[in-house]
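Colleague: Mind walking me through this one? I'd like to go from the loops to the sheet and then the charged pairs.

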Amino acid sequence: MPIRGPRTLLATIALATTLTLTACDPAAEAEAPPAPPAASATVSAPASSSTSPAGSHKRTLAEAATAGGLTKATGASAVSDVPVDPGEMRDGMHLVVADYNRAGQTSGRRILFIGVDSVPEDPNKRREHLWRGLIDYALQNGSSGTPTTAKPYQPGPFGGSLECLSLPESADATDVICGWSDTTTAAVALFPRTTPADAARLFAAMRADLEH
C-alpha cells in the first residue's frame, strides 16, 4: 500500500467532507423534481348536462291561442272574470284564466282552464285550493254528484304531477277535473262530458302550450 504524504491525506479528507456535506445539503435536495401531491379526498364531479326533471326549473304560464289542439274562446262569449278564487296573488305571479273549444265546437260548455305560476307556497297546496274552488264552480254550473278520489296520470315532459277526478263516479262520460303542479306552477281545468283518462291526455297536451 502506498504511503501518502500530508498534503495528499488532507486533500482526501477535504474531498470526503465535501461529499458528505453535499449529500446532506437541503439545497441540493431541492434541485430534485418535487414528488406529485397526494390526491385530494374530495373529487369534483365531472361537468355534465343537468339530469334534473324538467319540472324542477322555474316556469311561467301564459295564454295560448291554441292549447293541445283546442282553440281559445274569444269575444263576448269567452270567460271574462275569474270564476274561481286563485288564492293569494303576489308581485311577479301570473294568473291565466281561459276557456277552450274542442275541434268543431260552436256551442255548449267549454273546457275551463285556471293556473298560476311563481307560487310562493307548496304548489300542491295551491292546486288543492284551485281544485276545491273548481269543484264548487262545476257543481253550480251543470255538474252533479260527489267527486271521486283523484288518480295520477302521466304529467308530460315538464314533470311534476297530474291528477284527475270525475264528477260524479260513473262508468259513463261525465265532467272531469284535472290538476297539475310542479315546483313553481299549479293549474286546474274542467272538462265537460269526458273520461278521466281522455281528460288527462288532453290536459298534458294543453300544458305543453300553456307552460313555458
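Colleague: Where is Val 82 found?

Modeller: Keep in mind that this is a predicted model. Val 82 isn't part of a strand here; the place to look is the loop between S2 and S3.

Colleague: And is Val 82 buried, partly exposed or exposed?

Modeller: Buried would need a relative accessible area under 20%, and exposed would need over 50%. Val 82 has 40%, so the label is partly exposed.

Colleague: Which residues make the nonpolar surface patch, and what is its area?

Modeller: Val 82 is one of the members. Met 89 and Leu 95 make up the patch with Val 82, and the area comes to about 210 Å².

Colleague: Zooming out, how many helices and strands are there in the protein chain?

Modeller: Reading along the sequence gives the pattern α-α-β-β-β-β-α-β-β-β-β-α. Tally that up and the chain has 4 helices and 8 strands.

Colleague: What is the strand order in the sheet?

Modeller: It's an open sheet of 8 strands with antiparallel pairing. Strand S1 (66-67) and strand S5 (151-153) each pair on one side only, which makes them the edge strands. With those at the ends, the order reads S1-S2-S3-S4-S8-S7-S6-S5.

Colleague: Which helix packs on the sheet by touching S4, S6, S7 and S8, and at what angle to S8?

Modeller: The helix in question covers residues 123-139, and its direction is compared with that of S8. That's helix H3, at about 30°.

Colleague: What about H4: which strands does it lie across, and at what angle to S8?

Modeller: Helix H4 spans residues 196-210. It lies across S1, S2, S3, S4, S5, S6, S7 and S8, running at about 135° to S8.

Colleague: How many bridges join S7 to S8?

Modeller: S7 and S8 form a hairpin with 4 residues between them. One bridge pair is Thr 174 with its partner Thr 194 in S8. The two strands run antiparallel, and the bridge count is 7.

Colleague: On the other side of S8, which residue there stands opposite Leu 112?

Modeller: S4 and S8 run antiparallel and are joined by 5 bridges. In that strand pair, the S8 residue opposite Leu 112 is Leu 190.

Colleague: And in S7, what is the bridge partner of Leu 165?

Modeller: Strand S6 (residues 161-167) and strand S7 (residues 174-181) pair in the antiparallel sense over 7 bridges. For Leu 165, the partner in S7 is Ile 177.

Colleague: How many residues of S8 are buried?

Modeller: Over the protein chain, buried residues make up 35% of the 212 residues. S8 itself is mostly covered: of its 9 residues, the buried count is 8.

Colleague: Is Arg 193 buried or exposed, and what is its relative accessible area?

Modeller: Arg 193 lies in strand S8, and has a positive phi of about 50° although it is not a glycine. The exposed label needs over 50% relative accessible area. Arg 193 passes that cut-off, so the residue is exposed, at 55%.

Colleague: Where does Ser 118 lie?

Modeller: Ser 118 is another non-glycine with a positive phi of about 50°. Its location is the loop between S4 and H3.

Colleague: On to charges: how far apart are the closest N and O atoms of Glu 121 and Arg 126?

Modeller: Glu 121 is partly exposed, at 30% relative accessible area, whereas Arg 126 is buried, at 3%. A salt bridge here needs nitrogen and oxygen within 4 Å. This pair forms one, with a closest N and O separation of 2.7 Å.

Colleague: What is that distance for Asp 198 and Arg 201?

Modeller: Both residues lie in helix H4, 3 residues apart, about one turn of the helix. Asp 198 counts as partly exposed at 39%, and Arg 201 as exposed at 55%. Their salt bridge has its closest N and O atoms at 2.1 Å.

Colleague: Last one: which residues are linked in a network of salt bridges?

Modeller: A search of the whole structure finds 9 salt bridges. The network links Asp 182, Arg 207 and Glu 211.

Terms used:
Residues are numbered from 1 along each chain as its sequence is written. This is a predicted model: local features need pLDDT of at least 70, side-chain atom pairs count only at pLDDT 80 or more; totals for chains, interfaces and linings use all residues. Side-chain values use heavy atoms; hydrogens and water are left out. Two strands pair if DSSP finds at least two bridges between them. Contact means heavy atoms within 4.5 Å. Axes are lines fitted to C-alpha atoms, for helices over the stretch in contact, and angles run from 0 to 180 degrees between N-to-C directions. Buried means under 20% relative accessible area, exposed over 50%, partly exposed in between (1.4 Å probe, protein chains only). Patches are made of residues with over 30% relative accessible area and no salt bridge: like charges are joined within 9 Å, nonpolar side chains (Val, Leu, Ile, Met, Phe, Trp, Tyr) within 5 Å. Accessible areas come from the Shrake-Rupley method with a 1.4 Å probe; for residues, only the protein chains shown count as cover. A salt bridge is a side-chain nitrogen of Lys or Arg within 4 Å of a carboxyl oxygen of Asp or Glu.
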